[in-house]
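Take a walk through the fold that follows. Keep the model open and turn it as you read.

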Amino acid sequence: MTLIDLVLLGIVVGSNNLAVALTLGALGQAELRYRIMLVFGVFEFCVPLVGIRLGSATAKAIGSYANIMGAVMLFGLGLLSVIEGIRDRGNDDRLAQRVTRWRGLVVLAAGLSTDNMVVGFSLGLGKVDPLTVAGTIAFFAVLFTWLGIRLGRESRRRWERSAKIGAGALLMGFGVASGAGWF
């Protein structure tokens, strides 16, 4: 696997973290960015390692389900964000607090990293260095999480409601695209 392959893999696999982080930033969770980055980074590093280890036989058995699970979770988070953007602002803090508690972040990170399991399975068929692959994916996931939270926070300051709805719509679109196998 070349350096360009690794960078492209990291960008594609880590890009869903950008969409989620935009939403979290728009929900006013920038002060928890280190917690969010930590949880996302750990999952984005560990899950591909598990996938690579388990190999291709299991990937064929659950591959389509893992993609659907991740897509549904992303779509659901996006839908919640859109609904909360349309509703009264009073619910924003409650939703944001639920999602950014340790338990909420673990569930969210698990949903985001299900596609990494499939990536790990497929890469496990060839000769790849598991730590290099997992490190690359985790690096881009954390980078995109940081960037998304920053951009989301800035958009909240200027266009809070529109940013929340837009970020939710992006998440829903990514969920649909992911479920359709476009990513």
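**A helical fold, step by step**

At 24% relative accessibility, Glu154 counts as partly exposed; buried means under 20% relative accessible area, exposed over 50%, and partly exposed lies in between (1.4 Å probe, protein chains only). The side chain of Glu154 meets that of Arg153 in a salt bridge, with 3.7 Å from N to O. The term covers a side-chain nitrogen of Lys or Arg within 4 Å of a carboxyl oxygen of Asp or Glu. A search of the whole structure finds one salt bridge. Side chains of opposite charge can pair when their charged atoms come close.

The model is predicted: local features need pLDDT of at least 70, side-chain atom pairs count only at pLDDT 80 or more, and totals for chains, interfaces and linings use all residues. Residues are numbered from 1 along each chain as its sequence is written, and side-chain values use heavy atoms, leaving out hydrogens and water.

Now step back to the whole chain. The protein has seven helices and zero strands. Helices (H or I, at least four residues) and strands (E, at least two) are DSSP runs, numbered from the N terminus. The order from the N terminus is α-α-α-α-α-α-α. Of the 183 residues, 49% count as buried. Contacts are heavy atoms within 4.5 Å. Among contacts with a separation of 6 or more, 90% join residues 24 or more positions apart. The protein exposes about 9,200 Å², and carbon and sulfur atoms supply 68% of that area. Accessible areas come from the Shrake-Rupley method with a 1.4 Å probe; for residues, only the protein chains shown count as cover.

Start at the N-terminal helix. Leu8 is found in α1, residues 3–26. Is Leu8 buried or exposed? Leu8 falls in between: it is partly exposed, with a relative accessible area of 48%. Leu8 joins Leu3, Ile4, Val7, Ile11 and Val12 in a nonpolar surface patch of about 540 Å². Such patches are made of residues with over 30% relative accessible area and no salt bridge; like charges are joined within 9 Å, nonpolar side chains (Val, Leu, Ile, Met, Phe, Trp, Tyr) within 5 Å. An α-helix has 3.6 residues a turn, so residues three or four places apart point the same way.

Go inside next. A nonpolar core is a set of buried Ala, Val, Leu, Ile, Met, Phe, Trp, Tyr and Cys residues joined through side-chain atoms within 4.5 Å. The largest one has 13 residues, and Val20, Leu24, Ile36, Phe40 and Leu108 have the most contacts inside it. Helices α1, α2 (33–54) and α5 (102–112) each supply at least two residues of this core. The largest share, four residues, comes from α5. Leu24 touches Gln29, Ile36, Phe40, Val99, Thr100 and Leu108, not counting residues up to four places away in sequence. A second, separate core of seven residues includes Leu6, Val13, Val133 and Ile137.

Follow α2 along its axis. Its 22 residues reach 32 Å from first C-alpha to last, close to the 32 Å expected at 1.5 Å a residue; the expected span is 1.5 Å times one less than the number of residues. Buried residues of α2 include Ile36, Met37, Phe40, Glu44, Val47 and Pro48. Phe45 also lies in α2, but counts as partly exposed at 27% relative accessibility. What does Phe45 contact beyond its neighbours within four places in sequence? Its partners are Leu131, Ala134, Gly135 and Ala138. The C-alpha atoms of Phe45 and Pro130 are separated by 9.8 Å, though the two residues are 85 apart along the chain.

Two polar residues come next. Thr145 sits in α7, residues 130–179, and is buried at 0% relative accessible area. Beyond residues up to four places away, Thr145 touches Asn17, Ala21, Ile36, Met37 and Phe40. Asn116 lies in α6, residues 114–124. Asn116 is buried, with a relative accessible area of 0%. With the same sequence exclusion of up to four places, Asn116 touches Val13, Glu44, Val47, Pro48 and Ile137.

End at α3, residues 56–86, where Gly76 is found. Gly76 is partly exposed, at 27% relative accessible area. The C-alpha atoms of Gly76 and Met172 are separated by 7.2 Å, with their positions 96 residues apart along the chain.
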